[in-house]
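Here is a short briefing to read alongside the model. Please keep the 3D view open as you go through the points.

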Amino acid sequence: MPQEDIPLPMTPEHGLTSRRVETLLLLAVWLLFLVLALRTFGSESIYTFFHSDAAIPVLMANNERPITVFDYYYYSADRWGGWPLLVSKWLHLNTGLRWNDQRLHYFRTTWLFLGLLVLATLNTRAAPAVIVSALLVLCLEPTVRRLMFDQSQLYAWQVPPLFLAWFCLRHLLAQTFRSEDVVSVRVRRYLLGAAFYVSALFAIWSSVASGPFLAVLLTLEALRSHFSFKNLSKRKIGLAVLLLLAAIGTELLMKKNYHRHSFKHFGNDMKTPMWLDFAYLDVNLNTNWHNILQYPLFPLIGLAIVFVLVVGIFMLYARVARKRSLMSSFFEDDTFTMIVGLTAMTAANFALMVSVSHVRADDYDIRFHTLTLFFGAVAGLLTIYLIIRVLANRFAVTRYVLPSVLVGAFIFLGINFPPRASSEGYKIHRQTALDLAQKAPGAILMGGYWQTYVFAGLQPTNTMIPLPIEGVLNRTPWTQAMLQDSEQVVVEYRESALVGKTSLPPNELRQFGNLLKLQDAHFYENGPYAFALYLNERNKP
């Protein structure tokens, strides 16, 4: 077929420099924006929120108790795999490393940026376009930025192993040339299979939503390999399916063990109520769709979806007309394949949010659509890039147009990168935490859910023991038994709604069978928070 008849002609996408120089420049730019993200998007910034949910990971990483199954998931929540914090806790117990919110921010942000490099390796010919597209969405769009960098969310941990599994899957299904040594081929296949299983397991461990994502990617890569390599072995596809099912099954067994352990030791299996929400599918669809439409970058998501649908219709025509070369030209283009993969995962995440009851139970919070927004917007930007590339190819100006577009995109990102700014709320939380640790080191800290963990997570030394008042969710259930051995108890009473905003704390409190008697009603105050000091009379009637 003549080159001009191919829908996506394969032409060199690098521009005025050699591939090696381009790679070095790209790594330098990637490192620059990593440093900027580390400085700008920490928990003290105005772009994220540091609250009790964000403090739990810090407490998990610094917990002095021996590692148990309970550490495998975010405390008291089986929806979020805790393997990054398990690693952090192991380092803490074995090296004495003391984690804080800033160090965890460095850890997870670097991990997330490494994931972007993995994504770029799936499309090395357009790696600068992949990196700048991801950075534009990640760093400039307020909703995605907040949810990806917020320590109370799992997405920054989930995305890199998902991309790594995609990378391993592609190479696992790649063509094997007859000239290669049989032994080396088998060894490589075993290594790739093991790497795919491990990365898939960690992605699914982070969030079970990764299972459907990987199923979508497996289907896409199987189609790509089928049209790129006519002799694709069904054994390879079968192996990939088997490894994915093994990763899903492993995580399921781990979760069952977590439930068993939790029920045995804490009397609660810690299961998140979740089912297919068939009775509310229409309401869920309308509400979730409305939420997505409010997203400022929705046009990019719509562009990617329309592009994939149009090309899908074109490929269906090529299939009917038996023009295999037309279909192969699409799948041989890594940019097109990446757009399809990201768009498919966007659709899969949206479908999950529509069909799972937990989203409705949580008032359709936009955080559940973080990956819908991120993947979809990146796919939209890559679609624009691909359209520009095709037009530039037609007019034989690719060598000059693409570098100009990419350099302009990086300059736009640099100019519009958010300035560093600290949150006043974080300052109040941190100062309150430090003052309390100095006034009552190691004491029990009681209050509402949002008035306990947030302070303990910000105390580098003399850390207090957070224990929400009776009837409030307790993510550290062993602390309830520790109350009986504590002489002094500090209670936040104003924001915890123990009393009215202008009332003094009660003279006596009965908590978990312990009688607490008021010693100092004005023990400490800062901003909206007011703390009282109580003496624990233990089990006295």
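**Cores, rings and two loop-and-strand residues**

In the largest nonpolar core, which has 142 residues, the members that touch the most others are F113, L138, W166, L342, F374 and V490. Helix α16 (residues 370–394) supplies the largest share of this core, with twelve residues. Do keep in mind that this is a predicted model.

**Nonpolar cores**

- F374, one of the residues touching the most other core members, is a good place to begin browsing. Leaving aside neighbours within four places in sequence, F374 is in contact with L116, A134, V137, L138, V144 and M148.
- L138 thus appears twice: as a contact of F374, and among the residues that touch the most other members of the core.
- There is also a second, separate core, made up of 15 residues, and I444, V491, L509 and L516 are among them.

**Aromatic pairs**

- How many aromatic pairs does the structure hold? The count is 32.
- Why is the pair of W83 and F202 edge-to-face? The ring planes stand at 80 degrees, with the centres 5.0 Å apart, and an angle over 60 degrees counts as edge-to-face.
- This pair connects distant parts of the chain, since W83 belongs to helix α3 (residues 83–95) and F202 to helix α8 (residues 182–206), with their positions 119 residues apart in the numbering.
- Are the two partners buried or exposed? W83 is buried at a relative accessible area of 8%, whereas F202 is partly exposed at 27%.
- F455 and Y529 make another edge-to-face pair, with 5.1 Å from centre to centre and 90 degrees between the planes.
- Here too, distant parts of the chain are linked: F455 is in helix α19 (residues 453–456) and Y529 is in strand β6 (residues 529–536), 74 residues apart.
- Both of these partners are buried, F455 with a relative accessible area of 0% and Y529 with 10%.

**An aromatic cluster**

- Y72, W83, W99, F107, W111, W157, F202 and W205 together form one aromatic cluster.
- The edge-to-face partners W83 and F202 are both members of that cluster.

**Charges over rings**

- Which ring lies under the charged end of R65? The ring is that of W478, and the charged end is 4.0 Å from its centre.
- A second case involves R360, which lies over the face of Y280 at 3.8 Å from the ring centre.

**N462, in a loop**

- N462 sits in the loop between α19 and β2 (465–468), and its relative accessibility of 44% makes it partly exposed.
- Apart from neighbours within four places in sequence, N462 is in contact with A437, P441 and G442.
- L436 is 26 residues from N462 in sequence, and their C-alpha atoms are 9.2 Å apart in space.

**P466, in a strand**

- P466 is placed in strand β2 and is buried, with 7% relative accessibility.
- Which residues is P466 in contact with, leaving aside its neighbours within four places in sequence? They are L59, L445, T452, Y453, A456, T476 and T479.
- Two of these contacts, Y453 and A456, carry the end numbers of helix α19 (residues 453–456).
- From P466 to A443, the C-alpha separation is 8.8 Å, and the two residues are 23 apart along the chain.

Key: Residues are numbered from 1 along each chain as its sequence is written. This is a predicted model: local features need pLDDT of at least 70, side-chain atom pairs count only at pLDDT 80 or more; totals for chains, interfaces and linings use all residues. Side-chain values use heavy atoms; hydrogens and water are left out. Rings of Phe, Tyr and Trp (its six-membered ring) pair if their centres lie within 6.5 Å; planes under 30 degrees apart count as stacked, over 60 as edge-to-face and the rest as tilted. Helices (H or I, at least four residues) and strands (E, at least two) are DSSP runs, numbered from the N terminus. Buried means under 20% relative accessible area, exposed over 50%, partly exposed in between (1.4 Å probe, protein chains only). A charge sits over a ring if NZ of Lys or CZ of Arg is within 6 Å of the ring centre and within 35 degrees of the ring normal. Contact means heavy atoms within 4.5 Å. A nonpolar core is a set of buried Ala, Val, Leu, Ile, Met, Phe, Trp, Tyr and Cys residues joined through side-chain atoms within 4.5 Å.
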